[in-house]
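Biologist: Hi, could you walk me through this structure? I'm new to this, so please explain the terms as we go.
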Amino acid sequence: MDTPVDVTRTTSWARLAELAGSLQPDLRRWFAEDPDRAARYTLDAADLHVDLSKNLLTDEVLDALVALAREVGLEQRRDAMLAGERINVTEGRAVLHTALRRPQGDSLVVDGEDVVAQVHAELAKVYAFAEKVRSGEWTGVTGKRIATVVNIGIGGSDLGPVMAYEALRPYVQDGLECRFISNIDPTDSAETVADLDPETTLVVVASKTFGTLETLTNARLVRSWLLDTLESRGIATDDAVARHFVAVSTALDKVADFGIDPDNAFGFWDWVGGRYSVDSAIGTSLVVAIGPERFAEFLAGFRAVDEHFATAPLDQNVPALMGLLNVFYTNHLGAQSHAVLPYAQYLHRFPAYLQQLTMESNGKGVRWDGSPVGTDTGEVFWGEPGTNGQHAFYQLIHQGTRLVPADFIAFAETAHPLRDGEHDVHELFLANFFAQTAALAFGKTAEEVRAEGTDEAVVPARVFTGNRPTTSIMARALTPSVLGQLIALYEHITFTQGVVWGIDSFDQWGVELGKKLAQELTPAVAGDEAALASTDSSTRGLISWYREHRS
Ligand code: F6P
């Protein structure tokens, strides 16, 4: 195992600390004195047009960030990841989600296997299955064509598929819809299937491990609902599981144990992390919804940004620079969170998706060799679509005491070019997008407030300090390719930050303790007094309260 560089001992870290200490952010002046600022700090990555100029970025900071990337060996680590080295050291695995989008005919041999050939063989199976469902050749037990695909999964086996399905709704085939069940709260499965017809429902059980309590419980609940409802209609159910259930997993043996025909199971590999898996067979529900051709465009989008990340020089490498800026804000300017604000209703699940991607990846306190990180890691990612957020939490971003760097995302075209009288509504929407980043950057001085005739007592409350950093990301339209590009962008931002901090961004040991305790507490919750007695007094009190108050 190679030892991670202790970033806090690098020359560039000291330089960044010095620059941060003397930084007097003044975006008004910086823009006024440098007419080229926007052009110099605006970069394209594939179809993404990314304006970094409203960040608290100077040429000195940029140079120091690039030097930092060199000192921690970002490029070498990136190349090691792309080559299939086992950089997920705590699990002893390669990290090869980028192989999922390499074109057919490429080759990457890892442990004697051509992983690109494996990827395309599995994709071909998923595509063939999806075509059968879409054409109506695949039917339920009573011969009716499938109208609803229910994806059952959690974490990466849910957030990616649901986010991408919501984002790409205009591309979904008429007559098909997807629904998603993730939570073990029985409300989730009950509400999701309540108005469904089992005869036209196809269930995709998506679980990398096929051992996740929530997913297997929900799969059994939905299987019972499906079989019971069919039986209540006098329909023979011998073939029902085979016709109505397929699975996606790396553990195909466990799929068979569940009763799903291995012929109806699609695989992937342990070198794909759950939160990096939407572009594997985990996206089966999406492939059915949008079709193989569109899914191939989605993969090509990822690939275009992978190529940018792999080849663009560091000072023009968008994911690297965005990741490095996040490090600057987190470690040198005290930011604790990062907002992602899509001006696109279809991206309403994108911040939730990014929460798992970024926080499960970089929420770590030790480096990949087990030593303590020695600095803050993993900022809290959050967000909601604009303009809803403007009327909720933007107040804090504009005038609060905390620094909240924010990414604004918007598209030149809309799927719904509606007019309200003389107004193009998409233009009203975009005007808000442009206005917010300008307001955050340039603020409003006391003189400007006074010039509006404001009562002096209220002037301080109406001043905007400005210098609130944002990155604007634009693309022509939210196509499958552009969605793939956006996801890959954030994957590589996350990777960059992980490398700087020297952490393994691909394990998630932090979710294990809660899972184990839940299993241990289950008998106590069900009434086992001995199990209850062995718990701490707070947990015991809460469980007892629950048992007294349930109906
Ligand atoms: O518990 C966390 C986690 O392992 C995530 O990393 C993963 O995406 C999720 O659970 C679901 O896991 P699986 O796909 O194996 O059911």
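Modeller: Sure, one term to begin with: a crossing is left-handed if the near helix is turned anticlockwise from the far one by less than a right angle, and right-handed if clockwise. Helices (H or I, at least four residues) and strands (E, at least two) are DSSP runs, numbered from the N terminus.
Modeller: This is a predicted model, where local features need pLDDT of at least 70, side-chain atom pairs count only at pLDDT 80 or more, and totals for chains, interfaces and linings use all residues. Residues are numbered from 1 along each chain as its sequence is written.

Biologist: Okay, what's the mean pLDDT of the chain?
Modeller: The mean is 97, and 100% of the residues reach 70 or more. pLDDT is the predictor's confidence in each residue, from 0 to 100.

Biologist: Which elements have the lowest and highest mean pLDDT?
Modeller: Helix H11 (residues 252-258) is lowest with 90, and helix H20 (residues 480-501) is highest with 99.

Biologist: Now helices H1 and H4: at what angle do they cross?
Modeller: The axes of H1 (residues 11-22) and H4 (residues 59-71) cross at roughly 155° and come within 8 Å. That makes H1 roughly antiparallel to H4. Angles under 35 degrees count as roughly parallel, over 145 as roughly antiparallel, 65 to 115 as roughly perpendicular and the rest as oblique. Axes are lines fitted to C-alpha atoms, for helices over the stretch in contact, and angles run from 0 to 180 degrees between N-to-C directions.

Biologist: Is that crossing left-handed or right-handed?
Modeller: H1 passes H4 in a left-handed crossing.

Biologist: And how about H15 and H20, are they roughly parallel or antiparallel?
Modeller: H15 (residues 350-362) packs against H20 at about 15°, with the axes 10 Å apart, so the two are roughly parallel. H15 passes H20 in a right-handed crossing.

Biologist: Switching topic, which residues come nearest the ligand?
Modeller: Gly-155, Gly-156, Ser-207, Thr-212 and Gly-274, out of 15 around the ligand. Near means that the C-beta atom, placed from the backbone, lies within 6 Å.

Biologist: What classes are in that shell?
Modeller: Two nonpolar, 10 polar and three charged residues. Ala, Val, Leu, Ile, Met, Phe, Trp, Tyr, Cys and Pro count as nonpolar, Asp, Glu, Lys and Arg as charged, and the others, Gly among them, as polar.

Biologist: Last one: where is the cis peptide bond?
Modeller: Between Gly-386 and Thr-387, with omega about 5°. Thr-387 sits in the loop between strand E11 (380-382) and helix H16 (394-399). Most peptide bonds are trans.
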